[in-house]
Amino acid sequence: MSLIHNNLIRKVAVAVFLALLLMPVSIVVVEAATTGSTEQTSKISASLSEKMANIQSNELIPIVVQFPDGSESDWMRYVIEASDIDDVVVRHVFHMIPTVSLYAASDEITTLATLRDVKFLSLDAKMSIDTELSDQGEAAAADGFGYQHPDEVLGVEDLWAQGYDGSGITVAILDSGADALHPDLQDSLVGFRDFINDNEDLDPSDGIDAYDDNGHGTACAWLVAGSGADNGGNYTGMAPGADLLIIKILDAAGNGEDSLIAAGIEYAVDQDADVISISVGGQWVDTAEPSIAMAQEAVSQGVTVVIASGNEGPSAYTMNSPGVTQEVITVGATAGADGVVGFSSRGPVVNQHTEPYGHFAKPDLVAPGYNVFSGRAADASFEYSIYNQSQYGSSYTMWSGTSASTPQIAGLAALLLDKHVALTPIETKTALMSGATDLGADPMEQGWGLANATRASEILEESSRLLTIVTPKRYPTLPGGSKVFIVGDERAAQNVTVMSTVNRGALDIELTGNVSQFIVVDESVAVAVGYSYFTIDLEVPTNLSLDAVGPYEGQVALISGTDTFATMDLHLTITVFGGRLLVDMAHHSYEDPDDPSLYQYFREYLEERGVIMEEFSSPENPQPIDSDALAAADTFMIMDTETPYDADEIDALHQLVQEGGTLLVMSEFYNSTDGTAAFAIDSYNEILAPYGIECEEYEIGVGSLPMTGEVYGADHGGAVENHSLVEGVDNLYITWGSTLHVDSAVAGAQGLLWVDAAKTHAIVATVDYGLGRVIVVSDGSILYDTWLYDAIREDADNLRLLKNIASSLLSVKPRIYDVEMKAGQIGEPANVTAFVFSDNIEEVTIEVYAPNGLNITGAATETLGYRFTQAFTLKSAGFYEVKIVATDADGNTRIVERIFLVPIDFVPDDVVIGVIVALLAVVVTGVVYVGIKHFGIGKRRKRRVEPEWEISVGNGDPPTIQ
């Protein structure tokens, strides 16, 4: 056999070896290829292909058919009808975009893809609103005490005083309809179109025959132009003089397809609407959705389009479609004039398949969306909580969601259009963004801030409508935020959007301030009327010394000569690694995992101290807790876990504490009615047994109204100790919790906040044990962003407790951020580097063992105060075992072990084949195991996706992050 052939075998074997090594243990099911060419298959979207594979061949599917740009509506209809394809029902042929929506059987969809004039076929995405609102309890008193209507925070009152109320401006409401008989809407409706039941009334002379069989549309319409006739004029919409064109695109359950949104937009443009308000949406799948193309076309024809961001926050990348559209005004939610509420969807938007490509900032603005007063439809299919029924009857409701925020911004746009004649969509948008009040939140949460109509109007006058701004308002943004680790920070480049009402030509991009050393931008950008883009990137070197820790500031400016046309603030803080908090996801039930993204405020507090929050394992593929898994953890958090812990896992957690780690335990609700716990109470108590703390079968935090809790502490018959963990914490708001028993006989065990003055039932407890510490809170819901708003309303100190806990988590042991190995070819230098952080590091040793077991440890070299490197000459390929031992001056030691694979061409055939055979055995075993897990008896269903659009939250204001 030739040397070339031998080498080829070796290379293929190594490739297979690496593929098997890196391949996750899972089953990949490969479907047989459907008939037709690759070109035909590529015309069908992935979501549509999946749908086709899972239904009967004759079942009709709602789809969208795209034609080439410039295709006329008559021609598109002809192409489909002339094809003589059976089982196709045309729903709508658009004339503003080259698209047709229709129903087609799966067999016919494949045939449609063969048509030369068909460009792309996709599933007509389902859009919806949440109709499962829970009663939010008593609303504000009739005199307005405790309630601040949006007109008080959005700056509309000055414009009203000037005589501008939206008169002569038509706002189209695309939703579930509107109650034409509502006392506050009777004089506002000028037209109605029902795309669900195919009805229409455009003759207001005898009243518009509109209806709302859901209720959502009426609530939205009222926030634009509700007159307040039935409440004595105390509360109105933002533009009470505006005309309303009601376009029903949702059925009684609040459901509809994306193509119906597009049809509604097209209809609104045809009827000469000035503003379009859309409080409907769905998941962004980055395909050519007709609603996005239609929204863009509407803006190009002079219509201002306002769309809700969605209610899937506080995680990044949760922006809903069609609110992802660059040209529209995308709206998030606040609680009154305070912070952005947790449910409000965040950016960035990532375009991978549609232009413009890259990461973009959204939302654009925020407006009140938490417990907002609005109109109620008499024939609504579900009950909103009724606002002050004794005085106003059942005409009004309180509700929450970005759905409520959106029509308010549409009303502000109507006011501006009323005052400033022939205002264009880009002028309206840039003025509203420029005039917004900065809430200090991340731009991916707040956009430019809380809208202010009067300030926007003043800016239009002062600037003669010649405006140029850039967004995001600040950089860096979510998901990384402004905290940057000194070891370097890798993140995707951000697109900066330039919005301009005037052609500026080529502008230079200038960086200023000491932050400029870490920022990379384009040299210039061509700015025309509308939208243009440039990129900004963050590059933090990996060779910074500890002296570099601290804040950095500066600006990005768009300039021409001595003129500056737009600026963006730059602010970041370089910090050392403060530790790693692992959240146990392995013991959450598969049906009900508690995603750590639901407690974003706690994450913010941790990041301020350089602490990383990471998930340990997952409910779908749980891994056991052992000493290896905990080696790099400084804190391990147990939160509302439902499945039991075995003895080895409990021993590993005890060892973590004994050796200097922190165990943070958040228990959950005990139901005294049926005698059950909502968490693994027996396992919790086995874990806590050595520490003198026990989870009790004692129910607390069940409020008198649904979805509410109670306050406990010093002001409510309880007691608080003098301890750093509860400094500034007098009271806590508890929703569905339990209590803790603290055994004072165990040395160091302390109850810190008590339900009762006798100090028999604790809510917060702690103990120093070994070199570490245990912190226990009896109600895990204090972590949730949503409940924190209720806590603030009740004057409770939940946020302060979370901040105190985050401040206490700095490990006494050296902290190892990462270990990396760099190697070249055999005979060349290689090195292992450990990134170790400690205030008083004494010694770091790096032990390296070659594949043959030979110890090749040498002296570790320290640089920059945190980089420790062991250099050696690479002698062979294979697995290298590395052991890092870091010791500080107090004798605290941290040990982390890693295994690195060095793949080289020159690996003996017998070694490769042996390893491959061994790995194949492992893979086969894994496949059998996964097969049982995925297809075997007792497989648990996935958690139901919750509806997205109205969020039921308790009364109160959101906290700001201190």
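These are my notebook entries on what I looked up in this predicted model.

**Ground rules.** I number residues from 1 along each chain as its sequence is written, and I use heavy atoms for side-chain values, leaving out hydrogens and water. Since the model is predicted, I accept local features at pLDDT of at least 70 and side-chain atom pairs only at pLDDT 80 or more, while totals for chains, interfaces and linings use all residues.

**Overall make-up.** I find 21 helices and 50 strands in the protein, taking helices (H or I, at least four residues) and strands (E, at least two) as DSSP runs numbered from the N terminus. Of the 962 residues, 56% are buried; here buried means under 20% relative accessible area, exposed over 50%, and partly exposed in between, with a 1.4 Å probe and protein chains only. I noted an exposed area of about 38,700 Å², 49% of which carbon and sulfur atoms supply, by the Shrake-Rupley method with a 1.4 Å probe, where for residues only the protein chains shown count as cover. Among contacts (heavy atoms within 4.5 Å) with a separation of 6 or more, 75% are between residues 24 or more positions apart.

**Cysteines.** I looked for disulfides, defined as pairs of cysteine sulfur atoms within 2.5 Å, and the count comes to 0. I also checked the burial of two cysteines: Cys220 is buried at 1% relative accessible area, and Cys695 is likewise buried, at 2%.

**Cis peptide bonds.** I recorded a cis bond from Gly347 to Pro348, with omega near 0°, and placed Pro348 in the loop between strand 13 (329-334) and strand 14 (349-351). Another cis bond joins Leu478 and Pro479, with omega about 5°, and Pro479 lies in the loop between strand 21 (474-475) and strand 22 (483-485).

**Positive phi.** I turned next to the loop between helix 4 (73-82) and strand 2 (88-93), where Asp84 is found; Asp84 is not a glycine, yet has a positive phi of about 55°. Asp87 sits in the loop between helix 4 and strand 2, and its phi is near 55°, also positive. As for accessibility, Asp84 is exposed at 66%, whereas Asp87 is partly exposed at 42%. I keep in mind that most residues other than glycine have a negative phi, and that most peptide bonds are trans.

**Gly853.** I located Gly853 in the loop between strand 46 (841-849) and strand 47 (861-863), and found Gly853 partly exposed at 49% relative accessibility. From Gly853 to Tyr880 I noted 27 residues in sequence and 8.7 Å in space, C-alpha to C-alpha.
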